[in-house]
Amino acid sequence: MSHQKSPFRVIVIGAGVAGLTASHCLQRAGIDHVVLEKHKEPVPTEGASITIYPQVVRILHQIGCGDAIIKASMPHDYLVTRRPDGSVLQRTPFFGFVKENHGADLLPVERREFLQILYDNLPDKSPIKTGRIIKDIKESSDGVEVILSDGSVEKGDIVLGVDGVYSMVRGIMWHHANKTTPGLITEKEKASFKTHWKCLVGIGPPEPSLGKCSLTVTHDTRYSFEIVAQPHCTFFFVYFYLDEPFKSPNRVHYTEQDAEALAASVADHPLTETCTFGHLWNNRVRSLLVSSEEGVLDHWYHGRIVLAGDAIHKMTPNIALGGNAAIESVVSLCNHLHRTLAQHNGAKPGLAALTDAFAGYQAERAERVRYAIKISGIATRIQAMTSPLYKFLAYVTPLLPERGAPDQVGEYIRGSPKIEYLSAKGLPRGRLPWKDEEEEEERKMKTAALQGKLDTKQVLKAGHLFQMMSVSVAVVMLVSAARWVPFVSEYNAQQLLSWVRV
C-alpha cells in the first residue's frame, strides 16, 4: 500500500457520540477522514438520555453545537433522593451549585436528539457513510485498509475505533497485537470489563409527581431507580445488582420478555408518594434491558489502530460520566494528532511518531478515566445499597454540606481537556477556573518575567495566588468529608448498619 500522494487520512469506525465528535474535531483540524457506521441511518432511534456536563458544554461551543444543545434541554432544578417507600430523603439544589462553579448547566437530553444535533451541525456531512459493516482491517508499514462486507475497501493512515463496548475494532487490534508480539494482550486484559449490573432503560411521557425537570433517585436493596424528568418526557433507569457477575468476553442478550418480567417484579415499587414504577413502564414509548459493564483496558492502541470511548473505558451510567468521557477522549486524541501533524509540516508522520501521539493520549486520559469509573461505581452501589457500608452511606450522604459534592465534582470537571486548536472564548465563567486556562496563565506570566515584562515579585504573587486557590478547593473537600470519614474508620460495617433504621 502506498499513500505518499494522498493527505493523512483517518478511518473512524462508529458514528455514535464519539464518532460524530471525532468528525467535528477532525474537520476543524483540517484532517481528512471518513466515518463508517453500520446502521443505515446516521441517527438511529436507540437509548434514552445523555446528560452533558459543563466541560463538554465548553467543547460543544467550540464545535458550534453549544446553542443547539442548550435549546434542546431543560436544566435540572433539584436532585431528589427518596427512601424505598418513596418518601423524600433529600432535596438539594446540586445543579445550581454546579452552574455557579462552571458557568454552565448539566444538560439532560434524549440521546437520539443529541446525535441529531451533532450530525446537523457538521460543517460537511460527506465523511459520514452509513450501512458500512466492517469485515477486517489490514495494516502495513505505511497505512491501513478497512475491508467492508460488500467487498469495498477504505484506505487511510490510521483507524480510530469508537464502535462501543462490544468493539469489533478492538478484537482486530488484539489479534494484530498478539500476532506481532505474542502474549501482549493477555486473557486477563480481555476480561477487563466486568458486569455487575443489568439495567432497564426507557422513555415515556411526563409524570407530574416527579417534577418538571428534577433528577430523582429512589433507593432500595440491590436495585435502585433513577428518573430524569423533562417538560416533554420522562427517562427512567432501573439498576439491578446481579447475583452472578461475569467478565468479558461473556455477554448476555436480553429479550423483550426478559425486560417485561423484570419490570413486573418491581412494578408496585413507589417512586414518589403517588407514583409507582409500573405507571412509568405501562406508559413507556420504548424500553430496553441491557448489561452495564465497568472497566478500562491497559492497551488503548497498537500499530495504526487506536481506540476511544466505550471500546476502552466503560462505567455505570448513574452519574452520566460515560458519554462525557468518550467525548473528552476523542478531543484529547485529536489534540495529539493535530500537534503531531503540525510538527511534520505537511509530511506524513511515520509509525514511531503516531505511536508517540497515541501514547501521549493514553497517558493524558488514563488516570482521569479510572477515577470516573471508580466514582461512578461507588454512586451506583450507594444508590442500590449493595452492602451494609453502602447502605449507611446512602443515609449519611444527605447530611453532608450541600456544596460539598458539587465542589468535589467541580475539581473533576475543571480538569477536562478542550480542543486546543479552537477558541474557547466567549463562554460564561464560573467561580472555579478551568485548569488548562489556569496553567496557561501561569506559563504566560512566567514567560513574561523571563522576558523582563514582569518583575519577580509579580510572578511570585501570581504563583502564590494559584497555590491559595488550590488550597481553598482542598479545604472545601476536606470539610465536606470530615463529618463522616471518622465514623467510617471507627466503626465496622455491622455497627454502622445498626445506626440505620429503614
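Q: What does Ile-52 touch, leaving aside its neighbours within four places in sequence?
A: In this predicted model, Ile-52 is in contact with Val-57, Leu-60, Ile-69, Asp-105, Leu-106, Leu-107, Phe-114 and Asn-324.

Q: What makes Ile-52 stand out in the largest nonpolar core?
A: That core has 106 residues, and Ile-52 is among those that touch the most other members, along with Leu-60, Phe-114, Ile-137, Val-146, Val-159 and Leu-160. As for helices, α10 (residues 322–343) gives the most to this core, with nine residues.

Q: Which residues does the second, separate core include?
A: Ala-229, Val-238, Phe-277 and Leu-289 are included in this core of 19 residues.

Q: Why are Tyr-223 and Phe-225 called an edge-to-face aromatic pair?
A: Their ring centres are 5.8 Å apart, and a pair needs centres within 6.5 Å. The planes make an angle of 80°, and over 60 degrees counts as edge-to-face, so the name fits. Tyr-223 and Phe-225 are also buried. Both belong to one aromatic cluster with Phe-236, Phe-240, Phe-277 and Trp-281.

Q: How do you know that the charged end of Lys-125 sits over the ring of Tyr-119?
A: It is 5.6 Å from the ring centre, and the distance cut-off is 6 Å, with a second condition of within 35 degrees of the ring normal. Lys-125 is listed as sitting over the Tyr-119 ring, so both conditions are met.

Q: What about Arg-91 and Tyr-78?
A: Arg-91 lies over the face of Tyr-78, 3.7 Å from the ring centre, so the 6 Å limit is satisfied here too.

Key:
Residues are numbered from 1 along each chain as its sequence is written. This is a predicted model: local features need pLDDT of at least 70, side-chain atom pairs count only at pLDDT 80 or more; totals for chains, interfaces and linings use all residues. Side-chain values use heavy atoms; hydrogens and water are left out. Rings of Phe, Tyr and Trp (its six-membered ring) pair if their centres lie within 6.5 Å; planes under 30 degrees apart count as stacked, over 60 as edge-to-face and the rest as tilted. Buried means under 20% relative accessible area, exposed over 50%, partly exposed in between (1.4 Å probe, protein chains only). A nonpolar core is a set of buried Ala, Val, Leu, Ile, Met, Phe, Trp, Tyr and Cys residues joined through side-chain atoms within 4.5 Å. Helices (H or I, at least four residues) and strands (E, at least two) are DSSP runs, numbered from the N terminus. Contact means heavy atoms within 4.5 Å.
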